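Me: Could you take a close look at one part of this protein for me, the largest pocket and what surrounds it? I'm in my first year, so keep it relaxed.

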Amino acid sequence: MVKHDLLGVGGIVNTEDLVSVFERQAEHYDSRWQKVAPVYLGLYFLLESVFSSLSVKARVLCVGVGTGKELLYLAAKFPGWRFTAVEPSLAMLDVCRRNAEAAGIAERCQFHHGFLDSLPEADNSYDAATCFLVSQFILNQQDRVAFFEQIARKLKLGAILATADLCADTESVQYDELLPMWCSFMSGARATTEQIDRTKDAYTRDVAVLSADKVTAIIAAGGFELPVPFFQSGLLQGWFTRRI
Ligand SMILES: C[S@@+](CC[C@H](N)C(=O)[O-])C[C@H]1O[C@@H](n2cnc3c(N)ncnc32)[C@H](O)[C@@H]1O
């Protein structure tokens with residue numbers, strides 16, 4: 001297995017491997033991402049407006065919540081909302097729970113260890129969902145569509161999904177310029193040729209970095225309206241859409 005790449009996911013071959021990568025990353029995940037906070041805080045800042053039409057008592061499903069960054073941000077801004085945190089890595093979910101307790105919002109959260117298919121909540125339960133940096137790990141495009149179908153089933157009709165993933169046309173000339181910039185940004189220093197090559201491999205083999213057109217089509221095929229791109233920063237792109 002590759003020991004390091006800039007997302008720390010080198011050498012993934014299946015879901016178990018993926019979850020075990022996040023088990024190992026859990027304790028350091030927040031401090032690592034803190035270094036690139038302006039980027040994800042920009043995403044969350046716009047997310048507030050994406051979700052601004054929700055009721056004061058909205059129920060929000062956070063799929064692949066990790067350590068809870070997006071959940072904590074929304075909980076602080078919208079004190080009447082309740083959250084369901086879905087996360088297959090127990091170590092990540094434990095950090096999320098601890099973060100929620102420290103922020104005093106744990107009573108508004110339900111923590112589900114597992115994938116969406118084991119969430120006991122009835123279909124059509126939620127007013128909104130977030131799914132940040134998760135679907136990119138589903139390499140098979142039909143499986144990725146099925147993943148969005150699962151999210152759609154848990155949402156009320158017209159409910160809003162906000163989702164973000166690494167996204168680029170990896171065949172384009174621009175990608176050859178963008179990737180070194182992204183590698184430097186993620187590592188906090190000018191990236192070496194070896195780091196760039198390794199990341200390029202990982203983004204082909206372990207992470208489904210697809211063009212915006214392909215990701216848009218995948219989300220829509222999962223049972224959503226045409227997704228609206230509302231955020232882009234480097235390779236990170238965010239969309240919002242509504243359940244059909
Ligand atoms: C890169 S982290 C993102 C965490 C958080 N959403 C964020 O933006 O900081 C991806 C998370 O998704 C989880 N995950 C991976 N595959 C998943 C799946 N099929 N369903 C739900 N969560 C998944 C991983 O365990 C990991 O915690």
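Reply: Let's sort out some words before we go in: Ala, Val, Leu, Ile, Met, Phe, Trp, Tyr, Cys and Pro count as nonpolar, Asp, Glu, Lys and Arg as charged, and the others, Gly among them, as polar. Also keep in mind that this is a predicted model.

Now for the pocket itself. Rolling a probe the size of a water molecule over the atoms shows where empty space is left. The largest pocket found here has a volume of about 870 Å³. It is lined by 45 residues, and the ones closest to its centre are Leu18, Phe22, Leu133, Val134 and Phe137. Sorted by class, the lining has 28 nonpolar, ten polar and seven charged residues.

Which element gives the most to this lining? That's α1, with eight residues; this helix covers residues 15-34. At least two lining residues each also come from α2 (37-50), α3 (69-77), β2 and α5.

Go back to Leu133 for a moment, one of the residues closest to the pocket centre. You'll find Leu133 in the loop between β4 and α5 (141-154). Its backbone has a quirk: phi of Leu133 is near 60°, a positive value in a residue other than glycine. Asn124 does something along those lines, with a positive phi of about 55° although it isn't a glycine either. Asn124 is in the loop between β3 (109-113) and β4 (126-132). Buried or exposed, or something in between? Asn124 is partly exposed, because its relative accessible area is 42%, and partly exposed runs between the 20% and 50% cut-offs.

Next, strand β2, which we met as a supplier of lining residues. Thr84 is in this strand, which spans residues 82-87. Its relative accessibility is 2%, so Thr84 counts as buried. Leaving out residues up to four places away in sequence, Thr84 touches Arg59, Val60, Leu61, Cys62, Gln110, Leu119 and Tyr126. For a sense of distance, Thr84 and Gly223 are 139 residues apart in sequence and 21 Å apart in space, C-alpha to C-alpha.

Finally, a label from a record: an unreviewed UniProt entry places the feature "domain: Methyltransferase" at residues 60-157. In the model, the end C-alpha atoms of that span lie 14 Å apart, and the span is 37% helix and 26% strand.

Methods:
Residues numbered from 1 in each chain as written. Predicted model: local features only at pLDDT ≥ 70, side-chain atom pairs only at ≥ 80, totals over all residues. Heavy atoms only, no water. Helix = DSSP H or I, 4+ residues; strand = E, 2+ residues; numbered from the N terminus. Buried < 20%, exposed > 50% of the residue type's maximum accessible area, 1.4 Å probe, protein only. Contact = heavy atoms within 4.5 Å. UniProt positions renumbered as here; feature names shortened; annotations may be inferred. 1 Å grid on protein atoms, 1.4 Å probe; cavity = no way out; pocket = protein on both sides within 12 Å on 5 of 7 lines; lining within 4 Å. Points joined across faces, edges and corners; volume = space filled by probe spheres on them.
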